[in-house]
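Trainee: I'd like to go through this one with you, one question at a time. Please show me the reasoning as well as the result.

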Amino acid sequence: MSNTNQQVRLAARPTGTPGPEVWEHTTEPVGEPGEGRVVVKVSHLSLDPAMRGWMNAGKSYVPPVEVGAVMRALGLGEVVASNSPDLAVGDVVTGLLGVQTHAEVDARGLQKVQPSDAVPPERYLAVLGMPGATAYFGLLEVGELAEGDTVVVSGAAGAVGSIVGQLAKIKGAGKVIGIAGGPEKCAWLTEELGFDAAIDYRNSDVAARLRELTPDGIDVYFDNVGGEILDAALARLATHARVVLCGAISQYNATEGIHAPANYLSLLTTRSKMEGFVFPDYAHRAGEAAQALSGWLAQGRITAREDVVDGPVTDFGEVLLKLFRGENTGKLVLRLP
Ligand SMILES: NC(=O)c1ccc[n+]([C@@H]2O[C@H](COP(=O)([O-])OP(=O)(O)OC[C@H]3O[C@@H](n4cnc5c(N)ncnc54)[C@H](OP(=O)(O)O)[C@@H]3O)[C@@H](O)[C@H]2O)c1
């Protein structure tokens, strides 16, 4: 194969917000696939807040990306060379492809998908992929959603949060409240996604708004952001509430220690639980979530939104920062030329 593979490698571990100095752009020839492997031409890269954690040294739920290695990323692309009986040239697949234009990977780690006029490719990195399954298992299994529950979700206009709120409504939640940054995002939640209320955390007092909106307390708090918003939600828990720790994006770039939940004793007085979870624990059941979510999508009961940015792979580092600035609505995806 004569193509050149353009790559983005982690050049240094960041302190705080990752600037351009943490990335190195390299090129190398695209090789032939090894036994059981394929070469995928990457067309779409998933930009995920978790990437910030993967850049840190130390113990986590997956090993850190090594300095000098191609940055880890979920992606979608087309098989352009195959040395596996399981995949043929032309198949469209998703999986851990890395921030590069061509990925030589084990075919067993990839899922075949079928984009169509009705389902654009980027949707397989969004509601029909990891973020959708995260919302599904996080809300229904970790959050143990029950009919009539009052549900609050932060990061509500993002990839995971927007699905959590819509799923809660489908599953019979009594009231669904989203917390997001800015009036446009809040209007999208209530006017288009069917949330009962939205709190603009940038322009209002979250604790005061939660007091008004949850007179009987919160049964499920699905946390994507951590920090002061988590604290405000903890102060409003109903008896036997479930706090789902999905993420804490407000803390990922912290340089002076993280904001710990001061109101944690509310868990004791309300006999509630707070439980962390990670998607990889549910990856083997991702098909279950995708099947259910695609059914609701087809029925128009779930609205999907992807925020697709067009650009070369070298734009990755800059586009990633949109997540931390709140510049995305729905799932952020980089579409390669
Ligand atoms: N546990 C798992 O397996 C798993 C899997 C996927 C994702 N996650 C976590 O879920 C969360 C959401 O991920 P996502 O992929 O759906 O991202 P996303 O919500 O689509 O994008 C991130 C959003 O976070 C908000 N944000 C950024 N900085 C913030 C701050 N300081 N305070 C409050 N909000 C802030 C921004 O929205 P605003 O404009 O509203 O601020 C931004 O749009 C992240 O914490 C991520 O790490 C966990």
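Trainee: How far does a backbone N or O atom of Asn224 lie from an oxygen atom of the ligand?
Mentor: Keep in mind that this is a predicted model, in which local features need pLDDT of at least 70 and side-chain atom pairs count only at pLDDT 80 or more, while totals for chains, interfaces and linings use all residues. Residues are numbered from 1 along each chain as its sequence is written, and side-chain values use heavy atoms, with hydrogens and water left out. For Asn224 we look at a backbone atom facing a ligand oxygen, a polar contact (N or O atoms within 3.5 Å). The separation between the backbone atom of Asn224 and that oxygen is 2.8 Å.

Trainee: Which residue offers a polar side-chain atom 2.5 Å from an oxygen atom of the ligand?
Mentor: Phe279 can be set aside, since the atom 2.6 Å from a ligand oxygen is a backbone N or O there. The side-chain contact at 2.5 Å belongs to Tyr201.

Trainee: How much of the ligand's area does the protein bury?
Mentor: Start with the ligand taken alone: it exposes 900 Å² (Shrake-Rupley, 1.4 Å probe). Of that area, the protein buries 92%.

Trainee: Which elements give two or more residues to the shell around the ligand?
Mentor: Elements here are DSSP runs, with helices of at least four residues and strands of at least two. The contributors to the ligand shell are H2, helix H3 (159–170) and helix H9 (316–325).

Trainee: How many of the 13 residues in H2 are buried?
Mentor: Buried means under 20% relative accessible area, exposed over 50%, and partly exposed in between (1.4 Å probe, protein chains only). H2 spans residues 130–142 and is mostly covered. The buried ones include Met130, Tyr136, Phe137 and Val142. The buried count for H2 is 11.

Trainee: Which residue just after H2 takes a positive phi?
Mentor: Step past the end of H2 and check the backbone there: the phi is about 45 degrees. The residue with that positive phi is Glu144.

Trainee: How many residues apart in sequence are the parts tied together by Asp48 and Lys331?
Mentor: Their side chains meet in a salt bridge (Lys or Arg side-chain nitrogen within 4 Å of an Asp or Glu carboxyl oxygen), here 2.8 Å from N to O. Asp48 sits in the loop between strand S3 (37–46) and helix H1 (50–54), while Lys331 is in strand S15 (residues 331–335), so the pair ties together parts separated by 283 residues.

Trainee: Which residue forms a salt bridge with Glu306?
Mentor: The closest N and O atoms are 2.8 Å apart. Glu306 lies in strand S14 (residues 306–310), and its partner is 183 residues away, in the loop between strand S7 (111–113) and H2. Glu306 counts as buried because its relative accessibility is 15%. The partner of Glu306 is Arg123.

Trainee: Are Glu288 and Arg285 buried or partly exposed?
Mentor: These two also meet in a salt bridge, at 2.9 Å from N to O. Glu288 has a relative accessibility of 37% and Arg285 has 23%, so both count as partly exposed.

Trainee: What is the relative accessible area of Leu268?
Mentor: Leu268 belongs to helix H7 (residues 265–269). It counts as exposed because its relative accessible area is 59%.

Definitions and conventions: A polar contact is a pair of N or O atoms within 3.5 Å; within protein, one must be able to donate a hydrogen and the other to accept it, and residues adjacent in sequence count only if both atoms are side-chain atoms.
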